[in-house]
Amino acid sequence: MENKVYLFDTTLRDGQQTTGVNFSVSDKMTIADALNEIGIDYIEGGWPGANPTDDQFFNKNIKLSNSTLTAFGMTRRPNKSAANDPGLNTLINTKVSSICIFGKSSLFQVKEALGINQDENLKMIRESVLEIKNKNKEAIFDAEHFFDGYKLDKAYAIKCIKSAYDSGARWIVLCDTNGGTLPEEIHKIVKEVVEIIPGKNLGIHAHNDTDNAVANSLAAVNAGVRHIQGTINGLGERCGNANLISLIPTLLFKTSFDINIKKENIKLLTKVSKILNEILNIPQSKQAPYVGEYAFSHKGGVHASAVEKNPTTYEHINPELVGNSRNVIISDQAGKSNLLNQLRKMSIDLEEDQIKHILRIIKQKESEGFSYDTALASFEVLVRKELNQIKDYYLLQRFKVTDERRWNARGQLITESEATVDVFVDKEERMTVGIGNGPVNAIDSALRKALISFYPTLDNLKLTDYKVMILSPEKGTGAITRVLIESVDSNKIHWTTIGVSPNIIDASYNAIYDSITYKLFHDLNHNSEKK
Ligand SMILES: [Zn+2]
């Protein structure tokens, strides 16, 4: 049996149906280009005729070097001729060579949702596929609700997909539309279906409602299908679709199946995953398999030192294969090997006694409530300051913040913060005032005003996330606050800094100070490798 599995991305269609997702034409172009660069076999661009964005996208006459662009739609409407069905015609008349239509394959759905005669549904499938074939285009049939329909009425579900296959559909895609089927059932049912329709013409479209979409896709391939539909990062309505970012390396590195994606292109997966998140403006999932920041992170002295000796002790694949990297976490329990690994990433070479010195400082800081697990930028500032590699870019004389709740002129109750900062830069004194929706925001704004003429690149520094955690000190002298601030600059490079103090404003200021220092150090040293 043929070993090649074809990959079909439906991010631009099924992913688009996710609550809160609305791709623009240029978003769609960016995503399609990224998928084409990797070498996905099919890219489903959307549903022409369903909305103006998809119409514009398909009107662009896009040429892709690796992927086949596919248009999505549905079978002809009941009791109409396929040749005169406006929806089907719009679809067939788009400038793409491959058309994917969905139709019912569950008797329950035919009766309940469509309310039509079961033979008419079979005719709709047959005539729609034939119409596509008559126009010399490739036809793909998505058998909606196939698994549920098969469990209900096996004979009818098979009749539906046979109608499509016998009419010349290149692929019959078995859909677990409601996402409730489990891997064993998928395997068993597909095994039965491949006795009727060859696996080389069958595909799987799995939704993730039991968190099994990837497992279901693999089960279907193991049972004989040779086409998988899924999305980048598993984006999709409800709980999402099968995640191609996990499936691609799994197929390539862990099974004997073949795919059309070259090994060296697998390195682009981390980037593609990030591109989608940037378009959606959501943070990258840290725990995402293969591509998440934590996918190859090691915490704890024993794990970290074992990984130093031989990475395969705690890693299932080499992170570089998927464009990710190993990240050994600095922590209280971690020993020297963690530190060395982190220093190596920052290209810092130290003598043995310097290493001991830094290690002592980190332990001390950790006992005060600092945690450098994620605040790697603060860690870098700390080490470089110890080594005199970073100077003070400014000296704070004082800051003062006041908060006021009052009725404004329009009769609304508002709370506003005002901060005054007094700083020296190169022996020049600056005093500025900033207003903010909170004290941290006000200090940040006053500080930038004071520094911007000396350091213009601070203009593109943005604080994107602010997290506060109250630590209970063991000796009960009052709560300690730990603040984590995430920053980003115009190069879309993110970094995290930390501040610790019994005073929340003080802790926040310290984290802002580290963030500014980190940015200026890298900007002024023309070093683009930030983390
Ligand atoms: Zn779907």
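# Exercises on a Predicted Chain

Buried residues make up 53% of the 531 residues in the chain. The model is predicted. The exercises below treat the chain as a whole, then its salt bridges, its zinc site, a helix pair and some loop residues.

## Exercise 1. The chain as a whole

Task: State how many helices and strands the chain has, and describe its extent and its contacts.

Solution.
- Step 1. The secondary structure consists of 17 helices and 16 strands.
- Step 2. Taken along the principal axes, the C-alpha atoms fill a box of roughly 85 × 65 × 45 Å.
- Step 3. Among contacts in the chain with a separation of 6 or more, 65% are between residues 24 or more positions apart.

## Exercise 2. A salt bridge between two helices

Task: Determine which parts of the chain the pair K271 and E37 ties together.

Solution.
- Step 1. The closest N and O atoms of K271 and E37 are 3.4 Å apart. A salt bridge requires a side-chain nitrogen of Lys or Arg within 4 Å of a carboxyl oxygen of Asp or Glu, so the pair qualifies.
- Step 2. K271 lies in helix 11 (residues 269-280) and E37 in helix 1 (residues 25-38), so the salt bridge ties together parts that are 234 residues apart in sequence.
- Step 3. K271 has a relative accessibility of 39% and counts as partly exposed. E37 is also partly exposed, with a relative accessible area of 39%.
- Step 4. By the rule of Step 1, the count comes to 25 salt bridges.

## Exercise 3. Salt bridges within a helix

Task: For the pairs K188 with E192 and K519 with D523, find how many residues apart the partners are, and decide whether K188 and K519 are buried or exposed.

Solution.
- Step 1. In the salt bridge of K188 with E192, the closest N and O atoms are 3.7 Å apart. Both residues belong to helix 8 (residues 183-193), and because they are 4 residues apart, about one helical turn separates them.
- Step 2. K188 counts as exposed at 53% relative accessibility, while E192 is partly exposed with a relative accessible area of 26%.
- Step 3. In the salt bridge of K519 with D523, the closest N and O atoms are 2.8 Å apart. These two residues lie in helix 17 (residues 504-524), 4 residues apart, which is about one turn of the helix.
- Step 4. The relative accessibility of K519 is 1%. Buried means under 20%, so K519 counts as buried.
- Step 5. Salt bridges can also share partners: R13, D14 and E44 are joined into one network in this way.

## Exercise 4. The zinc site

Task: Identify which residues coordinate the zinc ion, and where D14 and H205 lie in the chain.

Solution.
- Step 1. D14 (OD), H205 (NE2) and H207 (NE2) coordinate the zinc ion at 2.0 to 2.2 Å.
- Step 2. The spacing of these donor residues in sequence is D-x190-H-x1-H.
- Step 3. D14 is in the loop between strand 1 (6-9) and helix 1, whereas H205 is in strand 7 (residues 202-206); the pair is 191 residues apart and links distant parts of the chain.
- Step 4. Both D14 and H205 are buried.

## Exercise 5. Two helices in contact

Task: Describe how helix 15 and helix 17 are placed relative to each other, and which residues meet.

Solution.
- Step 1. Two packed helices are described by the angle between their axes and the distance between the axes.
- Step 2. The axes of helix 15 (residues 376-386) and helix 17 come within 9 Å and cross at roughly 70°.
- Step 3. Angles of 65 to 115 degrees count as roughly perpendicular, so helix 15 is roughly perpendicular to helix 17.
- Step 4. Helix 15 contributes A377, S378, E380, V381, R384 and K385, which meet Y513, D514, T517, Y518, F521 and H522 in helix 17.
- Step 5. The residues of this contact divide into 5 nonpolar, 3 polar and 4 charged.

## Exercise 6. Residues in loops

Task: Locate R238, K492 and S371 in the chain.

Solution.
- Step 1. R238 is in the loop between strand 8 (227-230) and helix 10 (244-254). Although R238 is not a glycine, its phi is positive, about 55°. R238 counts as partly exposed, at 49% relative accessibility.
- Step 2. K492 is in the loop between strand 15 (480-488) and strand 16 (494-501). K492 is not a glycine, yet it has a positive phi of about 60°. At 51% relative accessibility, K492 counts as exposed.
- Step 3. S371 is in the loop between helix 14 (352-368) and helix 15. S371 counts as buried at 18% relative accessibility. Not counting residues up to four places away in sequence, S371 touches R482 and I498.

Notes. Residues numbered from 1 in each chain as written. Predicted model: local features only at pLDDT ≥ 70, side-chain atom pairs only at ≥ 80, totals over all residues. Heavy atoms only, no water. Buried < 20%, exposed > 50% of the residue type's maximum accessible area, 1.4 Å probe, protein only. Donors = N, O, S within 2.8 Å, 3.2 Å for Na, K, Ca; no water. Axes fitted to C-alpha atoms, helices over the stretch in contact; angles between N-to-C directions. Parallel < 35°, antiparallel > 145°, perpendicular 65-115°, else oblique. Contact = heavy atoms within 4.5 Å. Nonpolar A, V, L, I, M, F, W, Y, C, P; charged D, E, K, R; others polar.
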